[in-house]
Amino acid sequence: MTSRILPALPSLEDIGARQDRTAATVVASLRFYEELNDFIARDRRWREFDFECAADATIKHVIEALGVPHTEVELILVNGVSVDFAQGLRHGDRISVYPKFEAFDISPLLRVRPGPLRITRFVADVHLGGLARLLRMAGFDTWYDNSVDAGIERIAGRDGRIVLTRDRDLLKRRAITHGCYVHALKPDGQLSEVLARLDLFGSMQPLSRCLKCNAPLMAVEKALILDALPPRVREHQQHFSTCAVCRRVFWEGSHWRHMLDRLAKAGEAAADQQASTQGAQSSVFR
Ligand SMILES: [Zn+2]
């Protein structure tokens, strides 16, 4: 005679607990589009999947619980209708989450934010000093201080700056409304990525800002700075600018031409990235 162990019958207590849990959670199906897939677990990428969450969770909670910083998200559709981050979830909701389409017209649909920042200003985290320098070189107002990381949230809010970082947790902070997760590891690639993502390569104003202080440069009469110039520069250069903060003087020497080349290359790479992204995005709303 064989014996087998029967599975234990659930106690009334267990049944009660299960019913409570069912009442307190909902299951929604989600799909993330384009580069948002980089943030989520591999087995959830590029496909629809079910996710169980607390019944009182908002869309923002769910998106961030899955690993996607809310600042990366531009548009959320629930059952085909555009919603904002505060939207609650109902059982059976189908949720589509789209990244920023700076070069893609979704204006007929409500976005998750009232509108883009009108002036493009950045704050770069402590690890992005190279990118900050290149952005300043391209003329963009970029706050960066390699000794301070904790103040980024405050500075972003105070000045209306777009946070640039490779730290997802930083972008999840509620006070940060505009942020860019930077995927590239090297500064030149990072610059192309930011230019493409925010459609900025037409807005570059090379060498209009001090690389050290971030202050705008002002034209200065050669006669006023003659004594500060090396002899060869004094002889060959006619146009000068200066920084009101650090008082450095800049001119169009070989270093200047090298920087222009670097910016031109980043601009070309950005245009290529944007062209390939637009091709990929044209299928998103089908
Ligand atoms: Zn300066």
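Two strands count as paired when DSSP finds at least two bridges between them. Keep that in mind as you explore this predicted model.

**Stop 1: a sheet.** Select β10, β11 and β12. They form an open sheet of three strands in the order β10-β11-β12, with antiparallel pairing. At the edges you will find β10 (217-220) and β12 (249-251), each paired on one side only. From one strand to the next, the twist averages 40°. Now zoom in on β10 and β11 (residues 240-243), which pair in the antiparallel sense over four bridges. Pick L217 in β10 and look across: its bridge partner in β11 is C243.

**Stop 2: a helix.** Next, select α6, residues 187-197. Is this helix largely enclosed or open? Eight of its eleven residues are buried, so the rest of the structure largely encloses α6. Colour the buried ones: Q190, L191, S192, E193, V194, L195, A196 and R197. After α6 comes D199, with a positive phi near 55°.

**Stop 3: the cores.** Stay with L195 and show what surrounds it. Beyond its neighbours within four places in sequence, L195 is in contact with L200, F201, A266, G267 and A270. L195 is also one of the residues with the most contacts inside the largest nonpolar core, which has 35 residues; F122, A124, L131, L135, V163 and L164 are the others. Among the elements that each supply at least two residues of this core are β6 (121-124), β8 (162-165), α6 and α9 (254-281). Select α3 too, since this helix gives the most to the core, with five residues. Finally, look for another core lying apart from this one: it has 17 residues, including L36, F39, V62 and I76.

Definitions and conventions:
Residues numbered from 1 in each chain as written. Predicted model: local features only at pLDDT ≥ 70, side-chain atom pairs only at ≥ 80, totals over all residues. Axes fitted to C-alpha atoms, helices over the stretch in contact; angles between N-to-C directions. Buried ≥ 20, exposed ≤ 12 C-beta atoms within 10 Å, placed from the backbone. Core = buried A, V, L, I, M, F, W, Y, C linked by C-beta atoms within 7 Å. Contact = placed C-beta atoms within 7 Å.
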